[in-house]
Amino acid sequence: MKTVPLSTIAHGRSGDKGNHANIAIIAYTETGYQHLRHSLTAEVVKLYFVEWNSTRVERFEAANVLGLNFMLYDVLAGGASRSLRIDTQGKTLASALLEMHIEAPDRIEEMRRSGAS
Amino acid sequence: MKRVRIGNGCGFWGDSLDAPIRLAQAGRLDVLTLEYLAELTMSILALQKAKDPAAGFATDFLDVLQRLAPILHEQPKLKIVTNAGGMNPRACAVKANEILAVTKLQRWIAVVSGDDLLPNLRALLAAGHRLTNLDTGEPFESVKDRVVSANAYLGAAPIAEALAAGADIVVTGRVADASLTVGPLAHVFGWQFDAAHLDRLAAATVAGHLIECGAQATGGLWINANEKTHLENVGYPIVEVEADGRFTLSKPENTGGAVNVETVAEQLLYEVADPAKYFTPDVTANFTTVQLEQASQDVVAVRGGTSNGVTDTYKVSAAYRDGYMAAGMLVLSGPNAVQKARWSGKVLLERLAAAGITFEHSRVEALGAGDVVPSSHPACDPPEVVLRVAVKDSKRAAVERFTKEFAPLVTSGFAGTTGYTTGRPPVREVFAYWPSLIAKSAVVPHVEVIA
């Protein structure tokens, strides 16, 4: 099975609110978004970050920007105020998730980032 | 067609000190916003105010105002809206007034307050406001005696009111970040804070949310940024808004950074839970109806933010004392650097335990070994890693003793231990974050124009 990192077909950004973090994964194309809608579930994300012990992961859709927004509850070990990690606010989470390997989709050429900005 | 240009020159206290000056210089702005308050800034400011009744605001703002003076002379209509007031907006405004006098600027300053709930906390609790923890459901009683600050996030209405009263500079305490942008727009376009205007308030909230983190909209943190993005002179964000709420997002000409659908989409969803319900005091905004389109080089057109109602509560952010913490670092190099770093962490903590010192919480990280990025699997053994050990405890003495345990490793640790040049790490008091809600009816925003 050929795999590619998620970053092949999406970008994103993570943020924090107290002890919770959000990870927005934004597909480069509509085709990629539909693929991720089916395959990048909250369960997949929860499993990927199992080391960080999130109590619950919820997924929201923002189809208008080809985005899937994941809320990871209680994942920040106390958050900006109390976490003992160097990354108190989960700044690494988006890039980390984008490095997750996924099965290379059949229509991958319709999902890559096109052109430069 | 009237358009209002609002630029945000500061995303948080600690952001660039030059950005506000450059933005005001080149941005052709009607309004400059400056955002200074992160979740926990208020606790630090509260302590400052406790020691000195004339303190408790973001002093960087005064330096910025001083440096803005020549620009304010050149741009007499430029308004400034800032939450630099922190825990003491009145003292901030008084000091700002002194700077205006010295620099011979004629400007009216207004203070927006009423967000500080601490003086009234007992009465509020007695009246039945629970301030239950929004995340955990824990009762406020469990932290009540350790609270150092409690502030409601006020909305845009008092800011609009201050501008309507003739203020050129509005200094607030805690307000919702997006409200710094919504307030001036409501004022200029004559929007009321009623049901008929909720969609426009939502559109303005999108604008405020996009610019509130400064360079995060204009190339900062963009996944695809590289050397050619020229972040060394990144331009800060400007929204140009029309009366119906449509706007463009851009940055000043001849600046680095990038404004494109990617950078804007990344910022749109930053720190958002359910994008259909982005809660602010002014409106519950629906970000899933927003449409982004590249209009021209580094200009993105934004339309479509709509309302999902409005709540009858303010968010309250309280901070309470929760012990002390410290973190120290050393570099381990040579073969087996990762293993030596982990052994060093154990050695350090075991030496303390042998001296009778243990900690309620401790953490050892080997930076460079994959400890920071979850689920990362470094392919090879790095030649060097940074050992980081952090502890938290309710006893200050224990944490202070911990800070003395790094230096000995330089001679009694493992080969390749280095990087001890910065001295003992500092001990910092921990202020934990307590989010809750309070009925809007229990809070009275106050606007005062000072001479």
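This is a guided tour of a predicted model with chains A and B, one selection at a time.

**Stop 1: chain A as a whole**

Start by selecting chain A and colouring it by secondary structure. You should find three helices and six strands, and walking along the sequence gives the pattern β-β-β-α-α-β-β-α-β. The radius of gyration of chain A is 14 Å, close to the 13 Å that the globule rule gives for 117 residues, so chain A is as compact as a globular protein of that length. If you draw its principal axes, the C-alpha trace spans about 45 × 30 × 25 Å.

Now switch on a surface for chain A. It comes to about 4,900 Å² of accessible area, with 50% belonging to carbon and sulfur atoms. Of the 117 residues, 58% are buried. Among contacts in chain A with a separation of 6 or more, 63% join residues 24 or more positions apart. Colour by charge next: there are 13 positive and 13 negative side chains, and the centres of these two sets are 5 Å apart.

**Stop 2: helix α1 of chain A**

Select residues 30–39 of chain A, which form helix α1. Which residues of this helix are buried? Show side chains for A:Gly32, A:Tyr33 and A:Leu36. Look down the axis and you will see them on the same side of α1(A), because they cover an arc of only 100° around it. The background is helix geometry: an α-helix has 3.6 residues a turn, so residues three or four places apart point the same way.

Keep those side chains on and add the strands they pack against. These are β2 (10–17), β3 (20–27), β4 (56–62) and β5 (67–73) of chain A.

**Stop 3: A:Met71, with neighbours in both chains**

One of those strands, β5, leads to the next stop, since A:Met71 has its place there. Is A:Met71 buried or exposed? It is buried, with a relative accessible area of 6%, which is under the 20% cut-off for that class.

Show what surrounds A:Met71, leaving aside residues up to four places away in sequence. In chain A, it touches A:His20, A:Ala21, A:Asn22, A:Arg56, A:Val57, A:Glu58 and A:Phe60. From chain B, B:Val272 and B:Ala273 also touch A:Met71. For a distance to draw, try A:Met71 to A:Ala24: these residues are 47 apart along the chain, and their C-alpha atoms are separated by 8.7 Å.

**Stop 4: A:Arg107**

Move along chain A to A:Arg107, in the segment after β6 (101–103). A:Arg107 is partly exposed, with a relative accessible area of 47%. Draw a line from its C-alpha to that of A:Ser81: the two residues are 26 apart in sequence and 44 Å apart in space.

**Stop 5: chain B as a whole**

Now hide chain A and bring up chain B, where the secondary structure comes to twelve helices and 19 strands. A compact globule of 451 residues would have a radius of gyration near 22 Å, and the 24 Å of chain B agrees with that. Its C-alpha trace spans about 70 × 55 × 45 Å along the principal axes.

In chain B, 55% of the 451 residues count as buried. Residues 24 or more positions apart supply 76% of its contacts with a separation of 6 or more. The accessible surface is about 18,600 Å², and carbon and sulfur atoms hold 53% of that. With charges coloured, you will find 41 positive and 48 negative side chains, the centres of the two sets lying 4 Å apart.

**Stop 6: helix α6 of chain B**

Select residues 157–164 of chain B for helix α6. Its buried residues are B:Pro158, B:Ile159, B:Ala160, B:Ala162 and B:Leu163. What covers these buried residues? The cover includes β3 (79–82), β4 (109–113), β6 (169–172), α7 (179–189) and β19 (446–450) of chain B. After the helix comes B:Gly166, with a positive phi near 105°.

**Stop 7: two positive phi values in loops**

Most residues other than glycine have a negative phi. Two loop residues in chain B are worth a look with that in mind.

- B:Leu131 lies in the loop between α5 (121–126) and β5 (147–152). Its phi is positive, about 55°, and B:Leu131 is buried at 4% relative accessible area.
- B:His230 lies in the loop between α8 (198–211) and β7 (238–242). Its phi is also positive, near 55°, while B:His230 is partly exposed at 39% relative accessibility.

Methods:
Residues numbered from 1 in each chain as written. Chains lettered and ligands numbered in written order. Predicted model: local features only at pLDDT ≥ 70, side-chain atom pairs only at ≥ 80, totals over all residues. Heavy atoms only, no water. Helix = DSSP H or I, 4+ residues; strand = E, 2+ residues; numbered from the N terminus. Rg over C-alpha atoms; globule rule 2.2 N^0.38 Å. Buried < 20%, exposed > 50% of the residue type's maximum accessible area, 1.4 Å probe, protein only. Contact = heavy atoms within 4.5 Å. Areas by Shrake-Rupley, 256 points an atom, 1.4 Å probe, with all protein chains shown as cover. Lys, Arg positive; Asp, Glu negative; His and termini not counted. Charge placed at Lys NZ, Arg CZ, Asp CG, Glu CD. Arc of directions from axis to C-beta.
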